[in-house]
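Open the model in your viewer and keep the selection panel at hand. This tour goes from stop to stop, saying what to select and what is there.

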Amino acid sequence: MSSIQITLPDGSRQEYPAGSRPLDIARAISPRLADAAIVARVNGELYDLTRPLETDASLEILTSKNPEALEVYRHSAAHLLAAAVLELFPETKLGIGPPTENGFYYDFQRDTPFTPEDLEKIEAKMWEIQKRDLPYERKLTPKPQGLEKYKGMGEYMKCELIEEKAGDIFSEYTLGPHFIDFCRGPHVPSTTKIKAFKLLSIAGAYWKGDEKNHQMQRIYGAAFFTQKELDEYIHHLEEARKRDHRKLGVELDLFSIQELAGPGLIFFHPKGGIIRKLLEDWMRDQYLKRGYSLVYTPHIARSDLWKTSGHYNFYAENMFKRMELDDAEYQLKPMNCPFHILIYRNSQRSYRDLPVRLGELGTVYRYERSGVMHGLLRVRGFTQDDAHIFCRPDQIEDEIVNCLQFAIDTLTTFGFDQYDAELSTWDGGASGKYDGAPGQWALAENALHNATARLNMNVKVMADEAAFYGPKIDVKLVDAIGRRWQLSTVQFDFTLPRRFELEYIGEDGKAHQPLMCHRALFGSVERFFGILLEHYAGAFPVWLAPVQVMVMPITDRTLEYARQIQARLKEAGLRAELDDRKEKVQLKIREAQLQKVPYMLVAGDREAANNTVSVRNRKHGDQGVKPLEQFLADTQKLIDGKISFE
Ligand SMILES: [Zn+2]
Ligand SMILES: [Zn+2]
């Protein structure tokens with residue numbers, strides 16, 4: 001019998017009989033390793049543990065410690081799902097079943113929609129198949145025979161994939177008697193390897209993600225190596241569902257989207273309006289404190305402007321349709337930049353005038369396809385806290401430091417203390433797809449690098465991920481349940497200053513082109529509002545809460561005193577409401593609690609006699625009796641310091 005040389009990751013070599021499987025070799029090394037093995041890597045490629053090795057090779061056994069093994073595991077769970085569906089609903093046709101960030105999905109074509117009850121049945125069937133310990137078996141099939149076979153099975157989508165992707169001979173995998181799949185693999189060796197999974201939901205999907213193609217049903221599942229990780233993930237999902245800003249927006253009466261007005265357009269209700277005002281006021285104050293000038297610009301402009309900026313040609317599919325007015329064509333603005341540029345260009349600028357920082361809370365409109373809009377997070381009209389900085393090359397690093405410090409202060413003010421940054425750079429000019437001179441790129445990228453170093457920011461460099469017109473830095477925050485959200489961006493632009501022929505007169509008396517940066521810290525006010533809402537699960541800190549205090553008389557006898565309390569609080573600038581309904585105080589407390597009102601003040605006879613209030617807060621309940629003025633002073637301190645009592 002011939003033998004093969006196997007090289008292990010530690011460099012050791014051993015001889016095995018030809019046809020040995022990675023699983024056999026793992027077992028020879030240690031039964032424990034064989035037990036933990038998920039998949040192999042052979043000569044750098046992922047490889048089934050049960051696929052024989054015919055030639056000398058380097059071999060690595062991947063266990064649950066390896067992220068690639070997790071993908072293989074999850075993809076194998078997708079096969080398990082498809083096998084279960086075919087056993088229960090044999091008429092179903094198969095699309096694709098890849099791994100996802102937390103599990104897997106499979107796309108199915110079937111005339112009858114799957115119901116939530118079906119989902120339960122399918123999951124139960126998956127466990128049944130899992131327990132049968134069925135092997136994932138690999139076979140090789142010549143393309144013509146393979147095509148015939150899938151055609152005979154009516155698997156027209158698989159035929160399409162085979163036509164497109166298969167070589168002369170392709171691999172397919174079976175799982176049990178019903179399921180066979182054109183698939184490159186690899187997979188786990190058998191179903192009992194898959195130890196923790198759960199089906200989550202059914203969603204619509206288009207074949208190949210193209211809405212011109214037919215609709216399919218996508219079943220999503222979660223899969224992890226251990227039940228503990230799965231439980232944690234399911235808990236996290238429930239936590240996220242409770243915090244869904246669309247749900248909270250209704251419950252707390254903060255905002256709506258009106259069918260009659262159209263999708264992706266946000267209506268802020270009075271309570272949401274207060275919070276939005278506080279966000280905007282804070283931002284405008286900061287602009288002024290930090291040396292920005294506030295500007296206001298229109299919502300529409302002649303197409304000529306968009307032609308000069310380049311949006312007319314390169315951003316057309318994101319813009320609303322053109323409208324004819326008088327003799328010219330106009331368009332809604334998708335960005336504020338050209339407007340700020342026009343203001344910069346309106347005066348002659350000298351090197352002494354720079355930097356010029358023009359800031360605005362500017363509402364823009366972008367066309368989003370109807371399927372992709374999502375609450376406040378993806379909309380068609382939104383307000384950017386948008387500013388543009390025009391400066392000299394020697395100023396750029398300080399400007400970036402100031403922008404990033406501003407971004408960090410924004411995050412910490414609104415209660416986020418975890419964040420990191422991604423720096424997107426160019427490819428060094430190799431592809432020719434980037435605009436701007438190499439010197440400009442070097443200057444800008446250095447400034448971004450140095451600025452993050454000066455601020456001790458965690459930064460990940462994303463090579464060749466820059467926009468064609470300049471490098472950028474993105475700041476991402478981590479919210480209360482560990483989700484990362486992209487928030488602030490500082491983006492260089494080498495293109496617009498050229499297109500608009502921007503200049504300043506230098507010390508040498510000659511005209512120079514200024515450097516230009518776009519920067520938005522909230523990003524969009526609407527989106528930031530949504531993130532805040534989810535981060536706090538609607539329980540805003542006192543300074544942001546739309547109603548800060550709910551005053552409740554116990555009986556009609558103390559109604560007058562309760563009115564006085566409310567008047568005093570309002571006079572001091574607090575948002576205080578009075579619940580004067582003829583209801584039990586317990587019910588009033590429960591409702592204020594559901595509305596996440598930070599403070600409830602209960603006024604009874606004793607309180608009225610002593611000019612005190614009985615204080616409850618939504619988090620810690622009863623806080624005892626305090627003189628009214630004491631409560632006011634304590635609360636004012638929290639508000640002024642933007643401190644949360646939680
Ligand atoms: Zn597969
Ligand atoms: Zn801009």
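Which residue lies over the face of Trp543? Select Lys642: this lysine sits over that ring face, at 4.8 Å from the ring centre. Bear in mind throughout that this is a predicted model.

**Stop 1: the ring cluster**

Stay on Trp543 and widen the selection. Add Trp282, Phe414, Phe416, Phe522 and Phe528; ring pairs link these residues and Trp543 into a cluster. Trp543 therefore appears twice on this tour: as a member of the cluster, and as the ring under Lys642.

**Stop 2: another charge over a ring**

Now select Tyr105 and Arg218. Arg218 lies over the face of the tyrosine ring, with 3.8 Å to the ring centre.

**Stop 3: two aromatic pairs**

How many aromatic pairs does the structure hold? The count is 31. Take Tyr434 and Trp441 from among them. Their ring centres are 5.2 Å apart and the planes meet at 70°, so this pair is edge-to-face; the cut-off for that class is over 60 degrees. Colour both residues by accessibility. Tyr434 has 11% relative accessibility and counts as buried, because the limit is under 20%. Trp441 is buried too, at 0%.

Go on to Tyr536 and Phe540. This aromatic pair is tilted, with 6.0 Å from centre to centre and 50° between the planes. Are these two residues buried or exposed? Tyr536 is buried, with a relative accessible area of 16%. Phe540 is buried as well, at 2%.

**Stop 4: the zinc ion**

Select ligand 2, the zinc ion, and show its contacts. Which residues coordinate the zinc ion? Cys337 does so through SG, His388 through NE2 and His518 through ND1, at 2.0 to 2.3 Å. Along the sequence, these donor residues follow the spacing C-x50-H-x129-H. Now switch on the cartoon. Cys337 belongs to helix α12 (residues 337-345), and His388 to strand β20 (residues 381-391). The two are 51 residues apart, and the pair links distant parts of the chain. Both Cys337 and His388 are buried.

**Stop 5: two cis peptide bonds**

Follow the cartoon out of α12 and stop at Pro355, in the loop between α12 and β19 (356-365). Show the backbone here. The peptide bond from Leu354 to Pro355 is cis, with omega near 0°.

Then jump to Pro186. Where is this proline found? Look in the loop between β10 (179-182) and β11 (196-206). The bond that leads into Pro186 from Gly185 is cis, and its omega is near -5°.

**Stop 6: positive phi in loops**

Keep the backbone on display and select Asp253. Its phi is near 55°, a positive value in a residue other than glycine. Asp253 lies in the loop between α8 (245-251) and β13 (255-257). With a relative accessible area of 39%, Asp253 is partly exposed.

Finish at Asn611. What is the phi of this residue? It is positive, about 55°, although Asn611 is not a glycine. The loop around Asn611 runs between α19 (605-610) and β31 (612-617). Asn611 is partly exposed, with a relative accessible area of 44%.

Key: Residues numbered from 1 in each chain as written. Chains lettered and ligands numbered in written order. Predicted model: local features only at pLDDT ≥ 70, side-chain atom pairs only at ≥ 80, totals over all residues. Heavy atoms only, no water. Phe/Tyr/Trp six-rings, centres within 6.5 Å; stacked < 30°, edge-to-face > 60°. Buried < 20%, exposed > 50% of the residue type's maximum accessible area, 1.4 Å probe, protein only. Lys NZ or Arg CZ within 6 Å of the ring centre and 35° of its normal. Donors = N, O, S within 2.8 Å, 3.2 Å for Na, K, Ca; no water. Helix = DSSP H or I, 4+ residues; strand = E, 2+ residues; numbered from the N terminus.
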